[in-house]
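The following exercises are to be worked through with the sequence and the coordinates at hand. Each task is followed by a solution in steps.

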Amino acid sequence: MRGLLNKIFLVDLFQGLWVTFRNQHPKYIYTERYPEERPKVAERYRGAPRLNINPDNGETLCISCNLCALACPETLIVVTSERNEVTKRKDLTTFTYDTSRCMFCGLCEDACPVDALELTQDFEMATYTREGQIWDRQMLEEGPKPTQYKC
Amino acid sequence: MPDSTFLDSTELVLNMGPQHPSTHGVLRVILKLDGEKVLGTECVIGYLHRGVEKIAENRTYAQFNPYVDRMDYVAAISNGLGYCLAVEKMLNVEAPPRAQAIRVILTELNRIASHLLWLGTHALDIGAITPVFYCLREREEALKIFEKYCGARLTTHAFRIGGLLYETYDGFEQDIRDFCAMFVPHVDEYEELLTNNRIWIGRLKDVGILNADECKEFGVTGPVLRAAGVKWDLRKAQPYSGYEKYDFEIPTRQNGDTYDRYIVRMQEMRQSVRIMQQAVEAIPEGPIMGKVGKVIKPPVGEAYVSIEAPKGELGYYVVSDGSTQPYRVRVRPPCFVNLQALDRMIRGGLVADVVAVIGTLDIVLGEIDR
């Protein structure tokens with residue numbers, strides 16, 4: 001009997017409609033208005049790589065130990081260095097990071113003993129060319145500069 | 001003059017996929033049809049083959065860890081847990097209790113996220129558009145927790161061999177508690193939308209029946225097996241990562257049809273919340289990383305570890321030859337094994353049921369093709 005009444009009065013249908021009606025309120029809007037409203041990524045977000053420089057003297061923190069290149073599963077990091085005759089240490093010459101093959105696993109930043117290589121919160125890394133995805137040392141130190149759109 | 005023209009012929013071969021939206025990826029199903037009736041099916045897989053098992057042979061143990069996330073990308077954390085447990089078994093180390101508790105919380109959260117995506121897309125296949133929006137809304141909250149914890153939302157790489165790399169962030173426990181409190185009413189909401197809906201019942205009841213014996217024959221695991229009435233859950237049967245400490249139930253149903261599998265998964269989400277609530281109140285203090293060296297070099301030998309992934313039994317078989325790279329990694333993916341039951345489930349059914357049955361198997365092609 002009850003089942004029949006439920007069938008005649010479309011109880012299940014109205015139950016469902018009541019759920020959708022409850023969720024109509026504007027406070028339940030979850031859409032992010034991306035270019036206008038910047039998303040807040042988490043502090044630990046693994047985004048664009050950055051090669052940190054010492055803020056005091058502007059020199060790179062990298063000691064050219066090559067551990068990041070060894071840790072990388074895709075072997076996309078290439079570090080070259082030359083020996084400084086005065087300080088008897090290795091000076092970084094080039095640092096290439098192929099972001100097109102990167103899967104942002106974070107193993108390189110774990111491997112870095114001096115916190116020079118870091119995955120930052122920047123996430124806008126689109127380029128118009130494939131070559132633009134291969135970042136050199138300058139690009140890594142400055143970070144990506146995406147165009148800011150306003151409306 | 002031929003005996004019959006094509007108008008007289010009764011059999012029609014129809015390709016479904018690999019670009020069909022309701023095959024959940026790049027699955028191609030060749031359907032043999034007699035009108036609306038399905039006479040037989042054949043699955044063609046391999047469109048997403050990336051050779052993950054071969055890649056493992058050229059990577060160190062730690063380097064292979066991010067790749068396992070890319071198999072079942074909907075439940076990346078479960079994959080990572082299975083692989084880490086397998087290598088830990090070979091190294092004969094165990095993750096510290098604190099790491100184990102955090103692993104359990106994140107894995108259960110991932111189970112919820114995986115089931116939510118399943119529910120949304122499955123309902124979408126059947127024709128109920130609304131649940132997918134609500135499911136993705138709640139899944140977003142889970143993914144936010146992953147992002148805060150380890151910095152990535154989908155392919156997380158959250159666990160390391162021997163324990164964890166990341167300590168919990170400030171407010172992790174509160175986030176989990178808030179999620180649990182927020183989530184249970186939302187499950188009620190989905191059930192209100194679907195469970196008693198006559199279209200939902202009409203489309204799912206007695207569709208794609210797979211009984212317990214057939215499940216065992218095919219080696220089918222996970223919610224598909226439990227919906228057929230077999231109380232088999234690896235979290236209870238062979239507890240790993242401290243699951244024996246938590247009090248939860250294995251939801252089962254009797255008929256083994258598509259509707260029962262829906263009910264089982266809904267119950268599982270509630271049980272996951274229960275596990276998370278217990279685990280978050282009892283996270284022990286202590287280290288999060290076990291005694292594992294920088295260079296992981298397991299002794300010669302092999303290890304097989306299977307865990308209960310959201311889709312079923314996920315096994316990792318790792319063979320070591322004593323070097324820093326695995327000699328062989330073999331994955332026993334739940335979806336690959338579950339998919340072979342597809343033919344048995346839809347033979348004799350209707351074309352419209354094919355979509356429902358593929359949806360109910362909860363397959364992820366990244367894991368089937370590897």
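## Exercise 1: A phenylalanine in chain B

Task: Locate B:F133 in the secondary structure and decide whether this residue is buried or exposed.

Solution. The model is a predicted one.
- Step 1. B:F133 belongs to helix α5 of chain B, which covers residues 130-150.
- Step 2. The relative accessibility of B:F133 is 54%. The cut-off for exposed is over 50%, so B:F133 counts as exposed.
- Step 3. For a distance along the chain, take B:T121, which is 12 residues apart from B:F133; their C-alpha atoms are separated by 9.9 Å.

## Exercise 2: Aromatic pairs around B:Y149

Task: Describe the geometry of the aromatic pairs that B:Y149 forms with B:Y166 and with B:F172, and state which parts of chain B each pair ties together.

Solution.
- Step 1. A pair of aromatic rings is described by the distance of the centres and the angle of the planes. The whole structure holds 13 aromatic pairs over all chains.
- Step 2. Between B:Y149 and B:Y166 the centres are 6.0 Å apart and the planes make an angle of 80°. Planes over 60 degrees apart count as edge-to-face, and the pair of B:Y149 and B:Y166 is of that kind.
- Step 3. B:Y149 lies in helix α5 of chain B, whereas B:Y166 lies in the loop between β5 (163-164) and α6 (172-194) of chain B; the pair therefore ties together parts that are 17 residues apart in sequence.
- Step 4. Between B:Y149 and B:F172 the centre-to-centre distance is 6.0 Å and the angle between the planes is 45°, a tilted pair. Because B:Y149 is in helix α5 and B:F172 in helix α6 of chain B, this pair ties together parts 23 residues apart in sequence.
- Step 5. B:Y149 has 0% relative accessibility and counts as buried. B:F172 is likewise buried, with a relative accessible area of 0%. B:Y166 is also buried.
- Step 6. Elsewhere in chain B, ring pairs link B:F64, B:Y67, B:Y83 and B:Y316 into a cluster.

## Exercise 3: Strand β2 of chain B and its partners

Task: Establish which side chains of β2(B) point to the buried face, and how β2(B) pairs with β1(B) and β3(B).

Solution.
- Step 1. The side chains alternate along β2(B), residues 28-34. B:V29, B:L31 and B:L33 point to one face and are buried. B:R28, B:I30, B:K32 and B:D34 point to the other face and are not buried.
- Step 2. β1(B), residues 12-16, runs antiparallel to β2(B), and five bridges join the two strands. Opposite B:L31 of β2(B) stands B:L14.
- Step 3. With β3(B), residues 37-44, the pairing of β2(B) is again antiparallel and extends over seven bridges. Here B:V29 has B:C43 as its bridge partner.
- Step 4. β2(B) and β3(B) form a hairpin with two residues between them. In the turn, B:G35 has a positive phi of about 65°.

## Exercise 4: Cysteines of chain A

Task: Determine how many disulfides the structure holds, and examine A:C72 and A:C112.

Solution.
- Step 1. Over all chains, the number of disulfides is zero.
- Step 2. A:C72 is in no disulfide, and its nearest cysteine sulfur, that of A:C105, is 6.4 Å away. With a relative accessibility of 7%, A:C72 counts as buried.
- Step 3. For A:C112 the closest cysteine sulfur is in A:C65, at 6.1 Å, which is too far for a bond. A:C112 counts as buried at 13% relative accessibility.

## Exercise 5: The overall form of chain A

Task: Compare the radius of gyration of chain A with that of a compact globule, then place A:N23.

Solution.
- Step 1. Chain A has five helices and five strands, in the order α-α-β-α-β-β-α-β-β-α along the sequence.
- Step 2. Its radius of gyration is 26 Å, while a compact globule of 151 residues would have one near 15 Å. The C-alpha atoms of chain A fill a box of roughly 95 × 40 × 30 Å along the principal axes.
- Step 3. In chain A, 30% of the 151 residues count as buried.
- Step 4. A:N23 is in the loop between α2 (11-22) and β1 (49-51) of chain A, and is buried with a relative accessible area of 14%.
- Step 5. Leaving aside residues up to four places away in sequence, A:N23 touches A:Y28, B:Y134, B:R137 and B:E189.

Conventions: Residues are numbered from 1 along each chain as its sequence is written. Chains are lettered from A and ligands numbered from 1 in the order in which they are written. This is a predicted model: local features need pLDDT of at least 70, side-chain atom pairs count only at pLDDT 80 or more; totals for chains, interfaces and linings use all residues. Side-chain values use heavy atoms; hydrogens and water are left out. Buried means under 20% relative accessible area, exposed over 50%, partly exposed in between (1.4 Å probe, protein chains only). Helices (H or I, at least four residues) and strands (E, at least two) are DSSP runs, numbered from the N terminus. Two strands pair if DSSP finds at least two bridges between them. A disulfide is a pair of cysteine sulfur atoms within 2.5 Å. The radius of gyration is taken over C-alpha atoms; the globule rule is 2.2 Å times the number of residues to the power 0.38. Contact means heavy atoms within 4.5 Å. Rings of Phe, Tyr and Trp (its six-membered ring) pair if their centres lie within 6.5 Å; planes under 30 degrees apart count as stacked, over 60 as edge-to-face and the rest as tilted.
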